[in-house]
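Here's a short set of exercises to try with the model open beside you. Have a go at each task before you read its solution.

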Amino acid sequence: MNFALLLLVQDIIERHGVQQANTAISMVILAFSLPSVLFGPLAGVMADRWDRRLLMAAMNALRAVSVISFLIINPDWHVGWMLATVYFLTFVFGIAGKFFAPALGASIPAFVPRQQLIQANALFNLTFTAAQLIGFATVGPVLAKVLGLDRLFELAAVGFVICTGLVLAG
């Protein structure tokens, strides 16, 4: 998603001839990075105090709504409104991810025997980091090229909706 968001901002920049292209790109990076700084400490506490399954389902649903909302951005809007909308939705998407991850990590002890907890946490962190790296460096660019941004957003939204249902069913 982060790679697709960079491409979306680049498309807006190119289509409307935005002069501050570097600033526009930097702002979307800030929008998906800032939630970690602002909500990271709070997210861990919430994961410990709230029902993790409901928290994960709510965050997947919020991510689905955010991703679907990228599709309503109209190229005929004023460029400032388009970029502001992208930044806002990216920020909301980042907040959802920031609350989802600690709830997911805190759920591991419910599924893994205590003696295997260290290995399970290490495997979780390794696969989480690898998935981000592979998604940003390989899968994101390929899917964006093959599917196009709109289809990629639609596919991601469907994935988040399915994940919401799976978390609630589990």
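The exercises below look at an aromatic pair and then at a helix.

Ground rules: this is a predicted model, where local features need pLDDT of at least 70, side-chain atom pairs count only at pLDDT 80 or more, and totals for chains, interfaces and linings use all residues. Numbering runs from 1 along each chain as its sequence is written, and side-chain values use heavy atoms, with hydrogens and water left out.

**Exercise 1.** Work out why the pair of Phe 39 and Phe 99 counts as tilted.

Solution. Start with the rule: rings of Phe, Tyr and Trp (its six-membered ring) pair if their centres lie within 6.5 Å, with planes under 30 degrees apart called stacked, over 60 edge-to-face and the rest tilted. The structure holds six such pairs. In this one the centres are 6.0 Å apart and the planes sit at 50°, so it's tilted. Next, place the partners: Phe 39 is in helix α2 (residues 21-49) and Phe 99 in helix α4 (residues 79-107), so the pair ties together parts 60 residues apart in sequence. Helices here are DSSP runs (H or I, at least four residues), numbered from the N terminus. Finally, add Phe 91, which forms one aromatic cluster with Phe 39 and Phe 99.

**Exercise 2.** Find where α2 bends, and by how much.

Solution. Take the angle between axes fitted to the seven residues ending at a residue and the seven starting there. At Phe 39 that gives about 65°, and Pro 41 follows within four residues.

Key
Helices (H or I, at least four residues) and strands (E, at least two) are DSSP runs, numbered from the N terminus.
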